[in-house]
Amino acid sequence: MSDPQTVSVPGRIMSAEMAEQPAVLQRILDEGAPAIREIAAQIAARNPRFVLLTARGTSDNAALYAKYLIEVLLGKPAGLTSMSTTTAYGAKPDLADCLVITVSQSGGSPDLVASTKAAREAGAITLAVTNNAASPLAEVSEFHIDVLAGPEKALPATKTYTAELLALYLFVEGLRGEGGTSQPARAGGGSAAKVLPELAAGILARQGEVKDLAERYRFAQRLVITSRGYGYPTAREAALKLMETTYIPASPFSGADLLHGPLAMVDNVSPVIAIVPDGKGGEALQPVLDRLRGRGADLVVIGQQAQVEAASAGFALPAGVPEEVQPILEILPLQLLAYEVTIARGQDPDAPRALAKVTETH
């Protein structure tokens, strides 16, 4: 008979890595925060005039989250780069006084390395945010933040994503605390994040609720996922996780964009997942929720209890969490959902077909 220890259990690695997330968040707060604050202080002293963010895949969704933080909390313009302008077309933009943040789990993708090197040569302040301090990306960047997630072996990124979010939040809080910003620093910089490890553990302990929810999507042919504001990166990351593990086409939309045409594809049998932030993003999404209900959509809400009760089903998130750090919690039930739907469909979320851990784009 086979040794049970050697038998490959579908999803075993992804499940274990999702469960590590509270410990990873705590490690960043305890061990990573001082170094992040020091790097933020050095960069703030140089007062970059705007910020560009470079990433691919899951890390691109983390970068989009950072874009919201930078524009809302710092009042600085921020944008997502198109790497091919430098790597394929050879463009040479003037990046003097610009901060270029490159986010990558592995730090090994050639286009990320090449575009970051080109940005530094063009005069940018370059910061790499990775899970590999010895990576080529870290080597070509002026500054580096290690997200301290530990080795991630499952192909779907889970703990590295939430680690990137927290590291980026602490970095922006560090910039905010150095003066020269449009808004005052939060007392005890990063204090909004201190409750996250405990709250994350509480959410992950409710996996049974998500397993029940997953039955709605076992035979789904497509999904629409929507949110606004800080929740929009969560919608994109949830769609990516569901597509790469379950193979169900999942379309993420900003609520505003959903009303500009794509709403026409939603009918009374369409499954829609809405991430409803507790704050201004949720308020902005309310007209979209009303329209979705009016069309009879099968609406599942990830958000506050009252919003869940007004939908077909959902998952209630902890109350009283500042909106700017809610994405670190919002994604957790959606990671679990991707895992549970994949298992229910008889597939292995640890090793989705046609994917590699390091994607070597050029």
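**Group meeting: two parallel sheets in one chain**

Let's start at one pair of strands. Strand 1, residues 50-55, pairs with strand 2 in the parallel sense, over 3 bridges. In that pairing, Val-51 stands opposite Ala-78 of strand 2. Keep in mind that this is a predicted model.

Now the sheet around that pair. It is open, has 5 strands, and runs in the order 2-1-3-4-5 with parallel pairing. Which strands sit at its edges? Strand 2, at 78-80, and strand 5, at 143-146; each pairs on one side only. From one strand to the next, the twist averages 20°.

A helix covers part of this. Helix 2, residues 21-44, lies across strand 3 (98-104), strand 4 (125-130) and strand 5. Its direction runs at about 155° to strand 5.

On to the other sheet. This one is also open, with 5 strands in the order 7-6-8-9-10 and parallel pairing. At the edges stand strand 7 (250-254) and strand 10 (313-316). Each has a single partner strand, so one side of each is left without a neighbour in the sheet. Neighbouring strands here are turned by 15° against each other on average, direction ignored.

Strand 6, residues 223-227, pairs with strand 7 over 5 bridges, in the parallel sense. There, Thr-226 stands opposite Phe-253 in strand 7. Helix 10, residues 232-246, packs on this sheet. Helix 10 touches strand 6, strand 7 and strand 8, the last at 271-275. Against strand 6, the direction of helix 10 makes about 160°.

Next, helix 14, residues 326-344. Does its length come out short, long or as expected? At 1.5 Å a residue, its 19 residues should span 27 Å; the end C-alpha atoms are 28 Å apart, which agrees. Helix 14 is also mostly covered, with 18 of its 19 residues buried. After helix 14 comes Gly-346, with a positive phi near 80°.

Finally, the whole chain. It has 14 helices and 10 strands. What radius of gyration would a compact globule of 362 residues have? Near 21 Å; the chain has 20 Å, which agrees. Along the principal axes, the C-alpha atoms fill a box of roughly 55 × 50 × 45 Å.

Burial: 53% of the 362 residues are buried. Accessible surface: about 14800 Å², with 52% belonging to carbon and sulfur atoms. Contacts: take those between residues at least 6 apart in sequence, and 76% of them join residues at least 24 apart.

That's the tour.

Key:
Residues numbered from 1 in each chain as written. Predicted model: local features only at pLDDT ≥ 70, side-chain atom pairs only at ≥ 80, totals over all residues. Heavy atoms only, no water. Pairing = 2+ DSSP bridges. Helix = DSSP H or I, 4+ residues; strand = E, 2+ residues; numbered from the N terminus. Axes fitted to C-alpha atoms, helices over the stretch in contact; angles between N-to-C directions. Contact = heavy atoms within 4.5 Å. Expected span 1.5 Å × (residues − 1). Buried < 20%, exposed > 50% of the residue type's maximum accessible area, 1.4 Å probe, protein only. Rg over C-alpha atoms; globule rule 2.2 N^0.38 Å. Areas by Shrake-Rupley, 256 points an atom, 1.4 Å probe, with all protein chains shown as cover.
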